[in-house]
Amino acid sequence: MSHDSIANPNFQLWNPLCRTNGTRAQCRFDVTSPDFLGINKGDPVLISGFLESLDICCGELEHWTVERFASPYFAYDPTASEWTDLFGLAWHITLSITDVSRYRDCGKLGPYPAHGLDSTWFDGQNPTVNEEEKCVIIATEGPGREFTELTNIPASGEMEMLTFKLPHADIIQARVDLGVVNLSDSTAVVREILHRSKVGFMTHHWSDAFERSAWQKTPPWVTTD
């Protein structure tokens with residue numbers, strides 16, 4: 001099923017990245033739920049459905065990991081004063097794929113609509129942001145491709161740089177992982193990092209990717225033969 005044919009998705013997929021080595025591939029992406037559904041460990045049907053919705057790699061799903069996190073990137077309104085509005089809940093999923101027959105770069109950072117339910121999710125788990133969560137700040141390059149404003153992050157933080165090969169240009173994204181923190185106590189640190197990203201003309205909210213998705217095109221397939 002093409003992701004374009006999903007009329008009422010209950011999940012949205014973001015920031016897909018797939019790297020191949022012969023007939024093996026490692027893919028990673030973020031997941032949010034507009035319907036406030038949750039993901040626990042994930043099951044084969046759900047994860048395979050996500051891979052199909054991304055439509056960037058054809059092969060056999062071997063293994064996956066799911067990591068829950070909170071981020072201003074997925075917040076409804078990151079400018080709001082309450083900490084509960086500053087962070088949105090997401091899951092970072094990493095896939096191992098074998099017998100890859102073809103693959104391609106992502107055509108956009110998102111959203112990729114998807115539909116499914118996680119059979120490992122159980123009542124009592126919170127599908128909204130807890131006060132203590134793993135916190136990841138995501139900033140995508142602006143016109144200057146300048147990330148020096150993000151180098152002075154807290155000692156507990158780690159920064160990862162990712163390159164997405166879109167059809168029109170390569171896009172660099174920084175992800176600052178603060179680890180598991182008390183979100184209400186961390187708003188000052190988080191807002192300072194967001195301010196630095198704005199100084200560097202970086203974007204740090206999903207709405208920018210959503211606006212750009214209308215004119216971005218899917219690149220052609222590459223076979224492993």
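**Exercise 1. Strand pairing around S2**

Find the residue of S4 that is the bridge partner of Phe29, and then describe how S2 pairs with its neighbours.

*Solution.* Start with the bridge itself: Phe29 has Ile93 as its bridge partner in S4, where strands (E, at least two residues) and helices (H or I, at least four residues) are DSSP runs numbered from the N terminus. The model examined here is predicted, so that local features need pLDDT of at least 70 and side-chain atom pairs count only at pLDDT 80 or more, while totals for chains, interfaces and linings use all residues. Residues are numbered from 1 along each chain as its sequence is written, and side-chain values use heavy atoms, with hydrogens and water left out.

Next, widen the view to whole strands, which count as paired if DSSP finds at least two bridges between them. S2 and S4 pair in the antiparallel sense over seven bridges, and S1 and S2 are likewise antiparallel, over eight bridges. On the S1 and S2 side, Asn21 stands opposite Arg24 in S2, and the hairpin of these two strands has two residues between them, with Gly22 taking a positive phi near 70°.

Finally, consider exposure, for which buried means under 20% relative accessible area, exposed over 50%, and partly exposed in between (1.4 Å probe, protein chains only). Strand S2, residues 24-32, is mostly covered, since seven of its nine residues are buried.

**Exercise 2. Two residues compared with their surroundings**

Decide whether Ile97 is buried or exposed, and whether Glu211 is buried or exposed.

*Solution.* Ile97 lies in strand S4, and because its relative accessible area is 0%, Ile97 is buried. Its contacts (heavy atoms within 4.5 Å) can then be listed: leaving aside residues up to four places away in sequence, Ile97 touches Thr23, Arg24, Ala25, Cys27, Leu51, Cys57, Gly59, Glu60 and Glu62. With one of these, Glu62, the C-alpha to C-alpha distance is 5.3 Å although the two residues are 35 residues apart in sequence.

Glu211, by contrast, is found in helix H4 and counts as exposed because its relative accessibility is 57%. Glu211 and Pro111 are 100 residues apart in sequence, and their C-alpha atoms are 9.9 Å apart in space.

**Exercise 3. The setting of Asn10**

Establish where Asn10 is placed, and which backbone nitrogen lies 3.0 Å from a polar atom of its side chain.

*Solution.* Asn10 is in the segment before S1, and because its relative accessible area is 4%, it counts as buried. The nitrogen in question belongs to Gly116, whose backbone nitrogen lies 3.0 Å from a polar atom of the Asn10 side chain. Gly116 also appears among the residues that Asn10 touches, not counting those up to four places away in sequence, and this list includes Thr32, Ser33, Pro34 and Asp35 as well as Ala114, His115 and Leu117.

**Exercise 4. Empty space in the model**

Describe the lining of the largest pocket, and then the lining of the largest cavity.

*Solution.* The terms come first: on a 1 Å grid over the protein atoms alone, a cavity is a set of points where a 1.4 Å probe fits but cannot get out, whereas a pocket is an open set with protein on both sides within 12 Å along at least five of seven lines, and lining residues have an atom within 4 Å of a point. A volume is the space filled by probe spheres set on the points, which are joined across faces, edges and corners.

The largest pocket has a volume of about 550 Å³ and is lined by 22 residues, with Ser33, Phe36, Phe74, Tyr76 and Gly88 nearest its centre. Two or more lining residues come from each of strand S1 (11-21), helix H2 (83-86), strand S4 (88-103) and helix H4 (206-212), and the largest share, three residues, is that of S4. By class, 15 are nonpolar, six polar and one charged, where Ala, Val, Leu, Ile, Met, Phe, Trp, Tyr, Cys and Pro count as nonpolar, Asp, Glu, Lys and Arg as charged, and the others, Gly among them, as polar.

There are two cavities of 30 Å³ or more, and the largest cavity holds about 60 Å³ of space. Its lining includes Pro16, Leu17, Cys18 and Arg19, and S1 gives the largest share, four residues. The lining of this cavity divides into seven nonpolar, no polar and four charged residues.

Technical notes. A polar contact is a pair of N or O atoms within 3.5 Å; within protein, one must be able to donate a hydrogen and the other to accept it, and residues adjacent in sequence count only if both atoms are side-chain atoms.
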